[in-house]
Amino acid sequence: MIQTFTHNDLIRYAYNETTEEENQQIEEALTQEPDMLNYYLNVLDLQCALSADKMEPSKRTVQNILSYSANHQLSQIRRN
């Protein structure tokens, strides 16, 4: 008998958060349920897209933070 899996189960599987027993059951289900396989492949696509889309602050933002930090440290030292 093949167990029914939720979307959450497939996401957990994609992120290696399932047990060995669950892995075997999910893998068997993926070979027999095309809709489930489609959803899992979409999860993998999204996982790759999220990993590739790393955002970084602009150089100006980093400089503003560093300047603020430097000025804040100086004002604290002057008070002591």
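Is Asp9 buried or exposed? In this predicted model, Asp9 is buried, with a relative accessible area of 15%, and the legends below return to this residue after an overview of the fold.

**Figure 1. Overview of the helical elements of the predicted model.** The protein contains four helices and zero strands, and read from the N terminus its elements follow the order α-α-α-α. Of the 80 residues in the protein, 18% are buried. The views that follow take up helix H1 (residues 7–14), together with helix H2 (residues 20–32) and helix H3 (residues 34–52).

**Figure 2. Close-up of the salt bridges around Arg12.** Side chains of opposite charge can pair when their charged atoms come close. A search of the whole structure finds two salt bridges, and Asp9, Arg12 and Glu22 are linked in a network of such contacts. In one of them, the side chains of Asp9 and Arg12 meet with an N to O distance of 3.0 Å; both residues belong to helix H1, where they are three residues apart, or about one turn of the helix. Asp9 counts as buried because its relative accessible area is 15%, which falls under the 20% limit for that class. The side chains of Arg12 and Glu22 form a salt bridge as well, at 2.9 Å from N to O. Because Arg12 lies in helix H1 and Glu22 in helix H2, this pair ties together parts that are ten residues apart in sequence.

**Figure 3. Close-up of the packing of helices H2 and H3.** Helix H2 and helix H3 pack at an angle of about 115 degrees, and their axes are 6 Å apart. The two helices are therefore roughly perpendicular to each other, and the crossing of H2 and H3 is left-handed.

**Figure 4. Close-up of the packing of helices H1 and H3.** Here the angle between H1 and H3 is about 50 degrees, with a separation of 10 Å between their axes. This angle makes H1 oblique to H3, and H1 passes H3 in a right-handed crossing.

**Figure 5. Close-up of Met36 in helix H3 and of Phe5.** Met36 has its place in helix H3 and counts as buried, because its relative accessibility is 7%. Although Met36 and Phe5 are 31 residues apart in sequence, the distance between them in space is 8.5 Å, taken from C-alpha to C-alpha.

**Figure 6. Close-up of a nonpolar patch on the surface.** The patch is formed by Ile11, Tyr15 and Leu50, which together have about 300 Å² of accessible area. Ile11 is placed in helix H1, the helix that also holds Asp9 and Arg12. With a relative accessible area of 33%, Ile11 is partly exposed, whereas Asp9 in the salt-bridge view is buried.

**Figure 7. Close-up of Asn16 in the loop between H1 and H2.** What is the phi value of Asn16? Phi of Asn16 is near 55 degrees, which is a positive value in a residue other than glycine. Asn16 is found in the loop that lies between H1 and H2, and it is exposed because its relative accessible area is 70%, a value over the 50% limit for that class.

Definitions and conventions
Residues are numbered from 1 along each chain as its sequence is written. Side-chain values use heavy atoms; hydrogens and water are left out. Patches are made of residues with over 30% relative accessible area and no salt bridge: like charges are joined within 9 Å, nonpolar side chains (Val, Leu, Ile, Met, Phe, Trp, Tyr) within 5 Å. Accessible areas come from the Shrake-Rupley method with a 1.4 Å probe; for residues, only the protein chains shown count as cover. A salt bridge is a side-chain nitrogen of Lys or Arg within 4 Å of a carboxyl oxygen of Asp or Glu. Buried means under 20% relative accessible area, exposed over 50%, partly exposed in between (1.4 Å probe, protein chains only). Axes are lines fitted to C-alpha atoms, for helices over the stretch in contact, and angles run from 0 to 180 degrees between N-to-C directions. Angles under 35 degrees count as roughly parallel, over 145 as roughly antiparallel, 65 to 115 as roughly perpendicular and the rest as oblique. A crossing is left-handed if the near helix is turned anticlockwise from the far one by less than a right angle, and right-handed if clockwise.
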